[in-house]
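Reader: Please take a close look at the empty space in this model, beginning with the pocket and then turning to the enclosed cavities.

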Amino acid sequence: MNKKRLFLFAGYDKDGIIDDALVHYVSSVSKFGDIVLCMDSDTPDPELKKIQKYCVHATGVRHGEYDFGSYKRAYIWSTENLNLTDYDFIYMINDSVYGPLYDLTPYLKKLESSQSDAFGLVKNPHREHPHIQSWFIGLRPTAFTAKWFDTFMHGITKQKSKGLITREYEQGLTKLIMQHNLSWYCIYSARGRGVYNDIKKLYCAKMPFMKRVAFSRNHGALGRQILYVLQHIAPTTRDAIMSSAERIYGTKYVNWLLTSNPLKIMVRQIHHAIYKLFIEGI
């Protein structure tokens, strides 16, 4: 693991808070390399101080360009203040997940030993646009020192919808990698909304993160899966996740959500199915 890594870390919190879950993630990653963190939030200095000791640079200003806008800002700062050729790998990661739920060492070893030019934790095997999911992407110098990559990063702008962000940047980056005859690899594959909904399945497959929005999806039908994960992870990690979730969603809601009662889960699944069918028309 004696490799030099730079992590471009994108964060967001509507209240400008650096919560326990983000501190846990940042501190865990700091063991493996340098971190440049950019929040897409107006984050006051007392909050940034919570993670500054883990970062070579941390800032928080609302820009509205989502994660790729933060990646861009972290990249530009890095090109101006660091020597990117000193690094063996650059990672782009964001706080849309809770974790790590497992030690990251074997995952980084597996990704970096793949010999691929680009890699990530989860692949979306989209029929027309397969791509690396943008919340955890790794790049070798063959990619991150290329002119096309610099052009791509500087060209990131505010988009009208998340769909356009996915098409132009998440799918677009993998498309550029393939267009330049570079290889890419992911450890896991998740179709559609699988990375959001298959919480227990992915955890049991040793996937080291859980999507934050699982707490608010499917009208609470994911509660039993989330509870299973929380019951099997380290207490410090569980406490950080619970602290974050209770702050965001409220303690009452989180207590309601986390149940192992199969009847309650079934009712929520039916509620969600009815909503999808009669409200969304799907």
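Author: In this predicted model, the largest pocket holds about 1,400 Å³ of space. Its lining is made up of 37 residues, and those nearest the centre of the pocket are Asp-67, Ser-96, Lys-162, Tyr-196 and Lys-211. Two or more lining residues are given by each of α3 (66-81), α7 (162-179), α8 (194-197) and α11 (235-249), with α7 providing the largest share, 6 residues. Sorted by class, the lining of this pocket has 14 charged, 12 polar and 11 nonpolar residues.

Apart from the pocket, the structure holds 2 cavities of 30 Å³ or more. The largest cavity contains about 50 Å³ of space and is lined by Val-195, Asp-198, Ile-199, Leu-202, Tyr-203, Met-207, Phe-209, Met-210 and Lys-211. Here α9 (199-204) and β10 (210-211) are the elements that give two or more residues to the lining, and the largest share, 3 residues, comes from α9. By class, the lining of the largest cavity divides into 7 nonpolar and 2 charged residues, with no polar ones. Lys-211 thus appears in the lining of the largest cavity as well as among the residues nearest the centre of the largest pocket.

The second largest cavity, with about 30 Å³ of space, is lined by Tyr-12, Asp-13, Ile-17, Asp-19, Leu-22, Met-39, Asp-95, Arg-212 and Arg-247. The lining of this second cavity again has no polar residues, and it divides into 5 charged and 4 nonpolar.

Terms used. Residues numbered from 1 in each chain as written. Predicted model: local features only at pLDDT ≥ 70, side-chain atom pairs only at ≥ 80, totals over all residues. Heavy atoms only, no water. 1 Å grid on protein atoms, 1.4 Å probe; cavity = no way out; pocket = protein on both sides within 12 Å on 5 of 7 lines; lining within 4 Å. Points joined across faces, edges and corners; volume = space filled by probe spheres on them. Helix = DSSP H or I, 4+ residues; strand = E, 2+ residues; numbered from the N terminus. Nonpolar A, V, L, I, M, F, W, Y, C, P; charged D, E, K, R; others polar.
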